[in-house]
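These are my notebook entries on one protein model. I set down what I looked up, one topic at a time.

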Amino acid sequence: MKDLSWAKAYIETFASGSSGVLAHWADRDDIVHEDPVLGQRSTKRSDVAATFDIYANSDRTNGVGIHTFRADEFFGDERCGVTHWTWVAEDCAEFLGMPTNGKTLTTTGVSVDIFDEQGLIVRELAYWDAVGIAEQLGLPLKKPAQSW
């Protein structure tokens, strides 16, 4: 059954690298992982693996950073689900090409997962708040005025 417990178990595998992550994915090469914010679209199992391997970094000195994800909510069923999550990035030299100056960054996002008949992921779309990251880094952003 897909629920918050499933989402927590899945997202916790990010810290162990692609082997743990891919255990939740269908074992075929027509899977898709897409993160439009990062401009990433992976359409093969090996590319999906490479997408997640960065999150298994445990070296605080290499500039890649320590990435922690937490599943906060899950909505869905056995065929489609949405996980609302929090992402914390520590010890990153830069984020989206912007220097972090040692700041720990936090953002939230959602992942939409489509599951096959066996309950394994065949497609995942991830959306997250890059504007919030830019604000944490002190970039002068001008948001649209609220109309309400």
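**Entry 1. Terms and overall fold**

Before placing any residue I fixed the term: a helix here is a DSSP run of H or I with at least four residues, a strand is a run of E with at least two, and both are numbered from the N terminus. I also note at the outset that this is a predicted model.

With that term I looked up Asp 47 and found it in helix α3. I then turned to the whole protein, for which I recorded 4 helices and 8 strands. Along the sequence I read their order as α-α-β-β-α-β-β-β-β-β-β-α.

**Entry 2. Overall dimensions**

I looked up the extent of the C-alpha trace and noted about 45 × 45 × 25 Å along the principal axes. I then checked the radius of gyration against the value for a compact globule. For 148 residues that value is near 15 Å, and the protein has 16 Å, so I entered the two as in agreement.

For the surface I recorded about 8,100 Å² exposed, with 53% of it supplied by carbon and sulfur atoms. Of the 148 residues, 42% count as buried. I also looked at contacts between residues with a separation of 6 or more: 52% of them join residues 24 or more positions apart.

**Entry 3. The cavity**

How many cavities of 30 Å³ or more does the protein have? I noted 1 cavity by this rule, and the largest cavity holds about 170 Å³ of space. I counted 19 residues in its lining, and the closest to its centre are Phe 14, Phe 52, Trp 85, Ser 111 and Ala 126.

I then asked which elements supply at least two residues each to this lining. They are the helices α1 (4–12) and α3 (45–53), together with the strands β1 (32–35), β4 (80–90), β7 (105–115) and β8 (121–128). By class, I recorded 11 nonpolar, 5 polar and 3 charged residues in the lining of the largest cavity.

**Entry 4. The pocket**

I next looked up the largest pocket and recorded a volume of about 170 Å³. Its lining has 13 residues, of which Ile 54, Tyr 55, His 67, Trp 87 and Phe 95 are the closest to its centre. I entered the lining of the largest pocket as 8 nonpolar, 4 polar and 1 charged.

**Entry 5. Phe 69**

I placed Phe 69 in strand β3, residues 66–76. Is Phe 69 buried or exposed? I noted a relative accessible area of 11%; the cut-off for buried is under 20%, and Phe 69 is therefore entered as buried.

I then listed the contacts of Phe 69, leaving aside neighbours within four places in sequence: Ile 11, Phe 14, Tyr 55, Trp 85, Thr 86 and Trp 87. Two of these names recur from the cavity entry, where Phe 14 and Trp 85 are among the residues closest to the centre of the largest cavity. Another two, Tyr 55 and Trp 87, are among those closest to the centre of the largest pocket. I also looked up Glu 12, which is 57 residues from Phe 69 in sequence, with 6.9 Å between their C-alpha atoms.

**Entry 6. Asp 47**

I returned to Asp 47 in helix α3. Its relative accessibility is 33%, so I entered Asp 47 as partly exposed. From Asp 47 to His 33 I recorded 8.7 Å, C-alpha to C-alpha, across 14 residues of sequence.

**Entry 7. Thr 104**

I found Thr 104 in the loop between β6 and β7. With a relative accessible area of 42%, Thr 104 is partly exposed. Not counting residues up to four places away in sequence, Thr 104 touches Val 88, Ala 89, Glu 90 and Gln 136. For Val 88, 16 residues away along the chain, I noted a C-alpha separation of 7.0 Å from Thr 104.

**Entry 8. Two positive phi values**

For reference I noted that most residues other than glycine have a negative phi. Asp 91 has a positive phi, near 60°. I placed Asp 91 in the loop between β4 and β5 (94–95) and recorded a relative accessible area of 33%, which makes Asp 91 partly exposed.

Asn 101 also has a positive phi, about 50°, although it is not a glycine. I found Asn 101 in the loop between β6 (98–99) and β7. At 69% relative accessibility, Asn 101 is entered as exposed.

Notes:
Residues numbered from 1 in each chain as written. Predicted model: local features only at pLDDT ≥ 70, side-chain atom pairs only at ≥ 80, totals over all residues. Heavy atoms only, no water. 1 Å grid on protein atoms, 1.4 Å probe; cavity = no way out; pocket = protein on both sides within 12 Å on 5 of 7 lines; lining within 4 Å. Points joined across faces, edges and corners; volume = space filled by probe spheres on them. Nonpolar A, V, L, I, M, F, W, Y, C, P; charged D, E, K, R; others polar. Rg over C-alpha atoms; globule rule 2.2 N^0.38 Å. Buried < 20%, exposed > 50% of the residue type's maximum accessible area, 1.4 Å probe, protein only. Contact = heavy atoms within 4.5 Å. Areas by Shrake-Rupley, 256 points an atom, 1.4 Å probe, with all protein chains shown as cover.
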